[in-house]
Amino acid sequence: MKKQSLPNLKTKADTITSQYIRQKWADSNGFVKCVTCPTVKHWKEMHCAHFIGRASNPTRWLEENLRPACPSCNVYRKEYHMREFTLVMLDAYGRDFVDELNRMARKVCKPSEVRQLAEDAITYYTEAVRGL
């Protein structure tokens with residue numbers, strides 16, 4: 001059996017991770033608040049925002065790095081979004097953890113390591129979504 005391409009694996013991992021994060025933070029009716037503004041929408045209308053951007057493979061699928069955000073904050077209001085997201089992260093996890101995320105983000109991964117991270121994310125978040 002042929003292995004999936006790395007871009008396909010990453011897309012699958014992104015999709016299931018995003019679904020889990022948005023549903024995890026949603027209320028019993030499926031509504032979730034943006035991490036950085038008062039906007040509340042159904043989880044299907046929200047984005048999965050990354051504190052450390054998706055370009056960083058070591059933190060790309062790390063649950064603590066992810067929160068739901070409205071499309072407006074996540075796409076158009078980047079400066080405001082990151083300022084507020086930083087405050088949320090500091091309150092939730094503390095300075096030491098935020099510093100550790102930044103250290104992790106600088107790690108360069110080999111393609112085989114990225115493949116393993118993506119496969120692990122798919123396995124973990126598929127089960128997590130089932131558990132919601």
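In the predicted model, the buried residues of helix α6 pack against two further helices, α1 (6–24) and α2 (57–60). The buried set of α6 consists of V114, R115, A118, A121, I122, Y125, A128 and V129. Viewed down the helix axis, these buried residues of α6 fall within an arc of 165 degrees, so they line one face of the helix. Such an arrangement can be read against the general geometry of an α-helix, in which there are 3.6 residues a turn, so that residues three or four places apart point the same way. On the other side of α6, by contrast, S112, T123 and R130 are exposed.

The length of α6 was also examined. The helix comprises 20 residues (residues 111–130), which at 1.5 Å a residue should span 28 Å, and the computed distance of 29 Å between its end C-alpha atoms agrees with this expectation.

A second site considered is H50, which is found in strand β3 (residues 47–50). With a relative accessible area of 15%, H50 falls under the 20% cut-off and is therefore classed as buried. The side chain of H50 has a polar atom 3.2 Å from the backbone oxygen of R60, and a polar atom of this side chain also lies 3.4 Å from the backbone oxygen of C48. When neighbours within four places in sequence are left aside, the residues in contact with H50 are R60, N65, L66 and F85; R60 thus appears both in this contact list and as the residue whose backbone oxygen lies 3.2 Å from a polar atom of the H50 side chain.

Notes. Residues numbered from 1 in each chain as written. Predicted model: local features only at pLDDT ≥ 70, side-chain atom pairs only at ≥ 80, totals over all residues. Heavy atoms only, no water. Helix = DSSP H or I, 4+ residues; strand = E, 2+ residues; numbered from the N terminus. Buried < 20%, exposed > 50% of the residue type's maximum accessible area, 1.4 Å probe, protein only. Polar contact = N/O pair within 3.5 Å; in protein donor to acceptor, adjacent residues only side chain to side chain. Contact = heavy atoms within 4.5 Å. Expected span 1.5 Å × (residues − 1). Arc of directions from axis to C-beta.
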